[in-house]
Amino acid sequence: MITGKTNVFGIIGDPVEHSLSPGMHNAAFKELGMDNIYVPFQVKAEHLEDAILGAQSLGVKGFNVTIPHKTEVINYLDYLDIAAGLIGAVNTIEFGKNGAVGHNTDGIGAVMAIEEVTPVKNKKVVILGAGGASRAIAFQLLLSGVDNLVIANRTVEKAGELKTDLVEKLDHEVRVSGLDENLTQELSDTAILINTTPVGMYPNVDEKPVVTAEMMHPDMVVNDIVYNPLKTGLLNEADKAGAKSISGIKMLMYQGVEAFKIWTGIEPPVEIFQRALMNELD
Ligand code: ATR
């Protein structure tokens, strides 16, 4: 029951009606007996500042932030954590006595998903794509001790821009590649492959994956951050190659788990989040 004591959380974005986050967080609040509620709020770009100020006036405790506000929202926050500052994007806001604090749990969500299967420290990783998701994951991988990082992108210049920023901010070597023979070469000794491009995402499920089975090997771990479908064309290729595959649903789950920890200080059982996501995708 909602009372005067209920804590309000939410997600702001445009659109938000298909977000799976309300289901995850509300399931966790319910199962853990917490007097909290999580609501989706559609916020137009021109109303973003009002939304942040208004949330603080109303005593909202936390927000997730999704497309198209992840970068712009920084202008209206008081502090950023290390990852959010480096990435230059926020997906979680904590409202408290110290003002509005921005966090980014997207990168750590991907790393936790991979670390269910294998540690990332000292590994060679290839990331496909150089957009916002790639950026969050690339920074977090280097923060988590990845030794050898390659950003492979259709537009090599865009990968180069991300590389420059990574090298400047973290002083760690990064290489770039096109989606060509050079990528095939790089993949031959790669431990972890992460796809951040939308290739294979519903409704384009039959689109040819950027990397196919012949370019993989059985010791490789392949993570597609696309979660619809759960088994993408890329992950089917991983199966063919005898590689381990990780669905994008795990990154979605762990970014939510990390946001929940920031807001409540409680480590929630991940099974609650997983079950809620599976129910929603049914
Ligand atoms: P997000 O912010 O969600 O990560 P984005 O910024 O739109 O998404 O980035 C999408 C990435 O997927 C880009 O790196 C894009 O490559 P380009 O920089 O060359 O545009 C990549 N991408 C999108 N469609 C692709 C396709 N059909 N084949 C290969 N790469 C693709």
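The buried residues of helix 5 pack against helix 3 (82-87), helix 4 (106-115), strand 7 (124-128), strand 8 (148-152), helix 6 (156-170) and strand 10 (192-195); here a residue is buried if 20 or more other C-beta atoms, placed from the backbone, lie within 10 Å of its own, and contact is taken as C-beta atoms within 7 Å. The model is predicted, and local features need pLDDT of at least 70, side-chain atom pairs count only at pLDDT 80 or more, while totals for chains, interfaces and linings use all residues. Residues are numbered from 1 along each chain as its sequence is written.

**Helix 5**
- Helices are DSSP runs of H or I with at least four residues, strands are runs of E with at least two, and both are numbered from the N terminus.
- Helix 5 has 12 residues and reaches 17 Å from its first C-alpha to its last, close to the 16 Å expected at 1.5 Å a residue, where the expected span is 1.5 Å times one less than the number of residues.
- Of the 12 residues in helix 5, 10 are buried, among them Arg-135, Phe-139 and Gln-140.
- Just after helix 5, Gly-145 takes a positive phi of about 95°.

**Ligand shell**
- The ligand is surrounded by 15 residues, of which the closest are Gly-131, Gly-132, Arg-154, Thr-155 and Thr-197, with nearness set by a C-beta atom, placed from the backbone, within 6 Å.
- Helix 5 (residues 132-143) gives the most to this shell, with three residues.
- By class, the shell holds five nonpolar, eight polar and two charged residues; Ala, Val, Leu, Ile, Met, Phe, Trp, Tyr, Cys and Pro count as nonpolar, Asp, Glu, Lys and Arg as charged, and the others, Gly among them, as polar.

**Nonpolar core**
- The largest nonpolar core has 88 residues, and Val-125, Ile-127, Ala-138, Leu-141, Ile-151 and Ile-194 touch the most other members; such a core is a set of buried Ala, Val, Leu, Ile, Met, Phe, Trp, Tyr and Cys residues joined through C-beta atoms within 7 Å.
- Helix 9 (residues 249-264) supplies the largest share of this core, nine residues.
- Not counting residues up to four places away in sequence, Ile-194 touches Ala-110, Val-125, Ile-127, Leu-128, Ile-137, Asn-223 and Ile-225.

**Domains**
- The protein chain is divided into domain 1 (7-104 + 251-281) and domain 2 (107-247), with bounds from an automatic or database domain assignment.
- Taken over C-alpha atoms, the centres of domain 1 and domain 2 are 26 Å apart, and 11 residues of domain 1 are in contact with 15 residues of domain 2.
- Helix 9 gives the most to the side of domain 1 that touches domain 2, with five residues.

Note on methods: Two residues are in contact if their C-beta atoms, placed from the backbone, lie within 7 Å.
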